[in-house]
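Welcome to a short guided tour. Keep your viewer open and a selection box at hand, and we will go from stop to stop together.

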Amino acid sequence: MILPKNVVPSLCCIHTGLQESGFKFNVMTYAQYTKLGKETAMKVLADRSLNNIKTIHAIVKECAKQGWNYRIGSNVFPLMTHPDLKFSVDDFYNASEIYAEFRACADTIKQNKVRCSMHPDQFVVPASPNSKVRENAIRDLEQHGYIMDLLDLPKTPEAPINIHMNCYNDGNFSGAADRFVQSYNLMSNSVRNRLVLECEDKLKSWTVQNLYDHAYSRIKIPVTYDNLHDKCNPSIGLTEQQAFELSLSTWPKDIVPLFHFSESLVGNNPRAHADFPTFVPEIYSNYEKDLHLDFEFKHKELAINKVSRKNLLTS
């Protein structure tokens with residue numbers, strides 16, 4: 001069990017080894033902000049934001065060393081998208097330090113060709129029937145675009161912002177797609193040009209085929225293939241190989257597709273992610289062109305090491 005040379009793994013958000021060494025992401029709740037009061041809270045937020053970009057930079061350096069890509073965590077600037085708060089990096093006392101660390105991290109990314117992506121959480125739903133949820137989703141996505149801009153990442157799916165449509169309860173895929181396109185048209189180029197949509201794991205939710213028919217056919221947005229999601233919620237009439245190939249067809253020819261890799265945790269819930277991989281799916285291992293894979297396993301870099309050519313050949 002080993003990754004082919006043409007498949008590059010991507011670490012998702014956290015490096016457990018660095019975390020144990022003290023590189024941890026810091027957050028803050030709105031309740032904590034209120035309790036501290038604005039003046040004190042803004043000082044704490046400034047310190048935590050600087051800590052977060054330094055942590056990202058440390059992880060990027062480790063990914064560069066290993067030849068991996070990196071999915072950046074979403075909460076770089078705690079509370080900055082909260083609807084009841086209005087502040088930016090320029091309001092922080094240490095803004096110059098934060099900007100300098102972003103520039104240093106951007107240099108490390110460029111020099112080592114570390115591909116970076118982001119994956120907003122499940123509550124970011126630009127296709128929601130609730131207008132307030134759509135507004136919040138756009139604001140949150142703009143924050144992701146802003147972070148990627150600070151890191152001077154490409155405004156293309158080379159640096160994808162990956163989301164789920166996550167809107168299917170009414171069974172009206174076409175109506176949800178209409179709302180998604182309306183929201184999409186309100187987004188800046190920083191977001192719109194990076195956005196990709198991922199197939200989902202809940203039954204009767206968005207399959208590769210649904211995304212192709214209702215989103216890609218309208219706005220040519222790339223589809224992220226996830227082998228576990230496709231297994232849990234397959235496209236009707238498509239084999240795994242066909243769904244994989246259909247997803248591939250949506251990506252620009254000059255950009256390596258960034259797909260997701262996981263498998264089910266042993267137990268009653270097939271959608272739960274395993275700690276470590278026990279195999280590499282044939283759709284990935286038999287693919288002859290370049291392919292990048294986000295490793296969505298619970299044990300982060302340790303899971304990559306299980307199938308990493310570099311680690312297995314030197315162990």
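Before the first stop, some vocabulary: an axis here is a line fitted to C-alpha atoms, for helices over the stretch in contact, and angles run from 0 to 180 degrees between N-to-C directions. Helices (H or I, at least four residues) and strands (E, at least two) are DSSP runs, numbered from the N terminus. You are looking at a predicted model, in which local features need pLDDT of at least 70 and side-chain atom pairs count only at pLDDT 80 or more, while totals for chains, interfaces and linings use all residues. Residues are numbered from 1 along each chain as its sequence is written, and side-chain values use heavy atoms, with hydrogens and water left out.

**Stop 1: a pair of helices**

Select residues 173-184, helix H6, together with residues 208-219, helix H8. Two packed helices are described by the angle between their axes and the distance between the axes. For H6 and H8 the angle is about 35° and the axes are 10 Å apart. Turn the view until one helix lies in front of the other: H6 passes H8 in a right-handed crossing (the near helix is turned clockwise from the far one by less than a right angle; anticlockwise would be left-handed).

Now show side chains. Contact means heavy atoms within 4.5 Å. On the H6 side, the contact is made by Phe-173, Ser-174, Ala-177, Asp-178, Phe-180, Val-181 and Tyr-184. Facing them from H8 are Asn-210, His-214, Arg-218 and Ile-219. Colour these by type and you get six nonpolar, three polar and two charged residues (Ala, Val, Leu, Ile, Met, Phe, Trp, Tyr, Cys and Pro count as nonpolar, Asp, Glu, Lys and Arg as charged, and the others, Gly among them, as polar).

**Stop 2: the nonpolar core**

Keep Phe-180 selected and add Phe-77, Phe-92, Leu-195 and Tyr-284: these have the most contacts inside the largest nonpolar core, which has 94 residues. Such a core is a set of buried Ala, Val, Leu, Ile, Met, Phe, Trp, Tyr and Cys residues joined through side-chain atoms within 4.5 Å. Buried means under 20% relative accessible area, exposed over 50%, and partly exposed in between (1.4 Å probe, protein chains only). Which helix gives the most to this core? That is H3 (residues 38-66), with twelve residues.

Centre on Tyr-284 next. Setting aside neighbours within four places in sequence, its contacts include Val-7, Tyr-225, Phe-244, Phe-259 and Leu-293.

**Stop 3: two histidines**

Go to His-15, in the loop between strand E1 (7-12) and helix H1 (16-20). Is His-15 buried or exposed? His-15 counts as buried because its relative accessible area is 9%. Its side chain reaches the backbone nitrogen of Leu-18 at 3.0 Å. Beyond neighbours within four places in sequence, His-15 is in contact with Ile-59, Glu-62 and Glu-301.

While you are in this loop between E1 and H1, click Cys-13. Cys-13 has a positive phi of about 70°, although it is not a glycine.

The second histidine, His-144, sits in helix H5 (residues 131-150). With a relative accessible area of 3%, His-144 is buried. Its side chain makes a polar contact with the side chain of Ser-74 (2.8 Å). A polar contact is a pair of N or O atoms within 3.5 Å; within protein, one must be able to donate a hydrogen and the other to accept it, and residues adjacent in sequence count only if both atoms are side-chain atoms. Not counting residues up to four places away in sequence, His-144 also touches Met-118, Pro-120 and Ile-161.

**Stop 4: along H5 to Ala-137**

Stay on H5 and pick Ala-137, which is buried at 1% relative accessibility. Its C-alpha lies 5.3 Å from that of Pro-126, eleven residues apart along the chain.

**Stop 5: Asp-201 and Lys-300**

Select Asp-201, in the loop between strand E5 (195-198) and H8. Asp-201 counts as buried at 14% relative accessibility, and its side chain makes a polar contact with the side chain of Arg-271 (3.4 Å).

Finish at Lys-300 in helix H12 (residues 300-307). Its phi is near 45°, a positive value in a residue other than glycine, and at 18% relative accessibility Lys-300 counts as buried.
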